[in-house]
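Let's take a walk through this one together. Have the viewer open and follow along.

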Amino acid sequence: MKSAAVTPFTAFALVLTLTSCGQNQADADQQSEAAASQLVEGITIANQRMMLAPVSGNPAAVYFELTYVGDAPVTLDGVSVDGAQSAAIHQMGEDGNGGMMTASGPLTLKSGETLELKPGGFHVMAMQVSPKLEAGQSTNVTITLSDGTAHSFETDVKSAGDER
Ligand SMILES: [Cu+2]
């Protein structure tokens, strides 16, 4: 399922180009202003979602598609999730068995390529998630790149039983 959520950058672009669509425009304006200080040109995030664990307080998974366009390759060095005490990029084994989950090394982003974080593959593991973060809310994810920049985006928070 494609998420209805748009990245702050996309929302900003929509506000600029689709002035006839006034619905939620004030919200989009506010979001794009808040995120503007942490937007990396060339990074596009799509289909982002945070899946809470069935048991509150257990690690949650964040999935998204990251498209990068830039002069030189960069690596995805780190990640943080608002509402989680720590976060790391993990990778699943071929069979998608939870026991095969390991920390991923730095992921290289090459211009024009899309990195997909998805169930059974790479994902962001959010540890010690606040019980205040509930399905239906949204939170911010920040990725840090090897060139020293950081890129933040908003994601929907979903319950464990929702479609991944
Ligand atoms: Cu994991």
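Helices and strands here are DSSP runs, with at least four residues for a helix and at least two for a strand, numbered from the N terminus. Counted that way, the protein has two helices and 10 strands. Keep in mind that this is a predicted model. Reading from the N terminus, the order of elements is α-α-β-β-β-β-β-β-β-β-β-β, so both helices come before the strands under that N-terminal numbering.

Now for the overall packing. The protein has 164 residues, and 37% of them are buried. Among contacts with a separation of 6 or more, 68% join residues 24 or more positions apart. On the outside, the accessible surface is about 8900 Å², with carbon and sulfur atoms making up 51% of it.

Next, look inside. The largest nonpolar core holds 29 residues, and the members that touch the most others are Met50, Phe64, Leu66, Val81 and Val124. Strand 2 (residues 60–68) is the top contributor to this core, giving five residues. Val81 makes a handy spot to zoom in on: leaving out residues up to four places away in sequence, Val81 touches Met50, Val62, Ala87, Val124, Ala126, Thr139, Asn140 and Val141.

Then there's the metal. Which residues hold the copper ion? The protein donors are His90 through ND1, Met101 through SD, His123 through NE2 and Met125 through SD, and they lie 2.1 to 2.2 Å from the copper ion. Along the chain, these donors follow the spacing H-x10-M-x21-H-x1-M. His90 sits in strand 4 (residues 84–91) and His123 in strand 8 (residues 123–129), so this pair ties together parts that are 33 residues apart in sequence. Both of these histidines, His90 and His123, are buried.

What is the geometry of the copper site? The angles among the four donor atoms run from 91 to 123°. Four donors count as tetrahedral if all angles lie between 85 and 135 degrees, so the site of the copper ion is tetrahedral. For reference, the ideal angle for four tetrahedral donors is 109.5 degrees.

Finally, swing over to Thr108, in strand 6 (residues 107–109). Is Thr108 buried or partly exposed? Its relative accessible area is 45%, so Thr108 is partly exposed. Leaving out residues up to four places away in sequence, Thr108 touches Pro73, Val74 and Thr75. Asp77 is 31 residues from Thr108 in sequence, with a C-alpha to C-alpha distance of 9.0 Å.

Definitions and conventions:
Residues are numbered from 1 along each chain as its sequence is written. This is a predicted model: local features need pLDDT of at least 70, side-chain atom pairs count only at pLDDT 80 or more; totals for chains, interfaces and linings use all residues. Side-chain values use heavy atoms; hydrogens and water are left out. Donors are N, O and S atoms within 2.8 Å of the metal (3.2 Å for Na, K and Ca); water is not among the atoms, so sites may look incomplete. Four donors count as tetrahedral if all angles lie between 85 and 135 degrees; four count as square planar and six as octahedral if opposite donors are over 155 degrees apart and all others between 65 and 115; anything else is irregular. Buried means under 20% relative accessible area, exposed over 50%, partly exposed in between (1.4 Å probe, protein chains only). Contact means heavy atoms within 4.5 Å. Accessible areas come from the Shrake-Rupley method with a 1.4 Å probe; for residues, only the protein chains shown count as cover. A nonpolar core is a set of buried Ala, Val, Leu, Ile, Met, Phe, Trp, Tyr and Cys residues joined through side-chain atoms within 4.5 Å.
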